Amino acid sequence: MSSPQPRANIADIPPYVPGKPPTVRPGMTSYKLSSNENPYPPLPGVIEAVQAAVGQMNRYPDMGSTALYDALARELDVPVGDLSVATGSVGLIYQLVQAFCDPGDEVVFAWRSFEAYPIAVTAAGARTVQVPLLPDARHDLDAMAAAITDRTRIVLVCTPNNPTGPAVTRAELDAFLAQVPPHVLVVVDEAYLEFVRMADPVDGLATYRTHENVVLTRTFSKAYGLAGFRVGYAVAPAPVAAALRAVSLPFGVSTVAQTAAIASLERRAELLERVDALVAERTRVVDGLRERGWDVPEAQGNFVWFELGERTADFALAADELGIVVRPFAGEGARVTVGEPEANNRLLQLAASFPRRAAPL
Ligand SMILES: *Cc1c(COP(=O)(O)O)cnc(C)c1O
């Protein structure tokens, strides 16, 4: 073969299916509930800080993201050396696999879970080991521990789990960690951390402080509402964080992104009020769905999961006709982000009219 060929694993990378933008319907406001974005605009002051930073676009960003590292270290009360910032926490997942997996090494995760996992793992030439969720859409942590082999380098625990919603408890995570060999890295993906309201929640920072093999990944994309700017960070023991920084894209996090993240951290209290409002909406949506007879899994993120099987595409179409765009997973179900109250009302309207079960044959 004479033309340049990518490595064989590149052809195996599954596509990332982004949430669709809403269909434009004359005379009707449409809502995008397909990407777990925050419906609120940036907090007061954040846009102004970013506008001031825009004037420096002829300069490279601070490669060390010094001010952002300092702000995070203060906020979390961790050493700067235990942090690694990146272009979203998706960037961190790529870096984790790149830094810790040789070709053929295994990465264990639950499935269905975050669709970037198999992409990042396959791109690095590592192997995915997908452990089915329990019937109530929670992680099967015992089966995940049992799936660890000599080739396992990383286990990804997505809590709350995207797209199904449940979160693991602290007791469950502790029992799981006790079964994991110390040389296997356990990544706790806390993208939706701020939305969790449950008994015995995971305390990520306490867990990382007591384990040499635990990494937390977090993001400014969801609760902080900065999805368009691509900033995430890992908290990890110093040697792990150093490996992540070593493989990071130089100058990846832009000046405006660093500025927006710092300005948002400074307004954390206001931000958490908005998160509380979204959680209240989530409760209203989940209660409303259950009243209408829908058996949705526990929702600890800013989204709700509908297990619909073959009816998924019909559900997405019916949603679209009501002016809400959801994220269908063909043949499995649909994930719907908790959005503006009007958007959530339309979801409840859809849930009242769409049949809960397939018609008998
Ligand atoms: C959205 C999401 C992320 C992070 O996204 P970034 O925008 O890349 O920070 C990470 N993990 C899960 C499970 C997510 O849903």
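Trainee: Let's start with Arg-127, in this predicted model. Is it buried, exposed or partly exposed?
Mentor: Its relative accessible area comes to 43%. Buried would need under 20% and exposed over 50%. That value falls in between, so Arg-127 counts as partly exposed.

Trainee: Which residue does the Arg-127 side chain meet in a salt bridge?
Mentor: Look for a carboxyl oxygen within 4 Å of a side-chain nitrogen. Arg-127 sits in strand S4 (residues 127–132), and its partner is in strand S3, 21 residues apart. The N to O distance is 3.1 Å, and the partner is Glu-106.

Trainee: And is Glu-106 buried or exposed?
Mentor: The cut-off for buried is under 20% relative accessible area. Glu-106 has 10% relative accessibility, so it counts as buried.

Trainee: How many residues apart in sequence are the parts tied together by Glu-115 and Arg-327?
Mentor: Those two side chains meet in a salt bridge, 3.0 Å from N to O, and both residues are buried. Glu-115 lies in the loop between S3 and helix H4 (116–123), while Arg-327 is in strand S11, so the parts they tie together are apart in sequence by 212 residues.

Trainee: Which residues are linked with Arg-151 in a network of salt bridges?
Mentor: One link is the pair with Asp-105, whose closest N and O atoms are 3.0 Å apart. At 2% relative accessibility that Asp-105 is buried, whereas Arg-151 is partly exposed at 35%. Besides Arg-151, the network holds Asp-105 and Arg-153.

Trainee: Moving to open space, which elements give two or more residues to the lining of the largest pocket?
Mentor: The largest pocket has a volume of about 420 Å³. Of its 27 lining residues, the closest to the centre are Tyr-16, Ser-35, Val-90, Phe-114 and Lys-222. The elements you're after are helix H3 (88–100) and strand S11 (327–329).

Trainee: What about enclosed space: what is the volume of the largest cavity?
Mentor: Searching the whole structure turns up two cavities of 30 Å³ or more. The second largest holds about 30 Å³ and is lined by residues including Arg-138, His-139 and Glu-172. The largest cavity comes to about 90 Å³.

Trainee: Which residues make the nonpolar surface patch of about 370 Å²?
Mentor: Start in the loop between helix H1 (46–54) and helix H2 (66–76), where Met-63 lies. At 52% relative accessibility, Met-63 counts as exposed. The patch is made by Tyr-60, Met-63 and Phe-251.

Conventions
Residues numbered from 1 in each chain as written. Predicted model: local features only at pLDDT ≥ 70, side-chain atom pairs only at ≥ 80, totals over all residues. Heavy atoms only, no water. 1 Å grid on protein atoms, 1.4 Å probe; cavity = no way out; pocket = protein on both sides within 12 Å on 5 of 7 lines; lining within 4 Å. Points joined across faces, edges and corners; volume = space filled by probe spheres on them. Patch = residues over 30% accessible without salt bridge, like charges linked within 9 Å, V, L, I, M, F, W, Y side chains within 5 Å. Areas by Shrake-Rupley, 256 points an atom, 1.4 Å probe, with all protein chains shown as cover. Helix = DSSP H or I, 4+ residues; strand = E, 2+ residues; numbered from the N terminus. Buried < 20%, exposed > 50% of the residue type's maximum accessible area, 1.4 Å probe, protein only.
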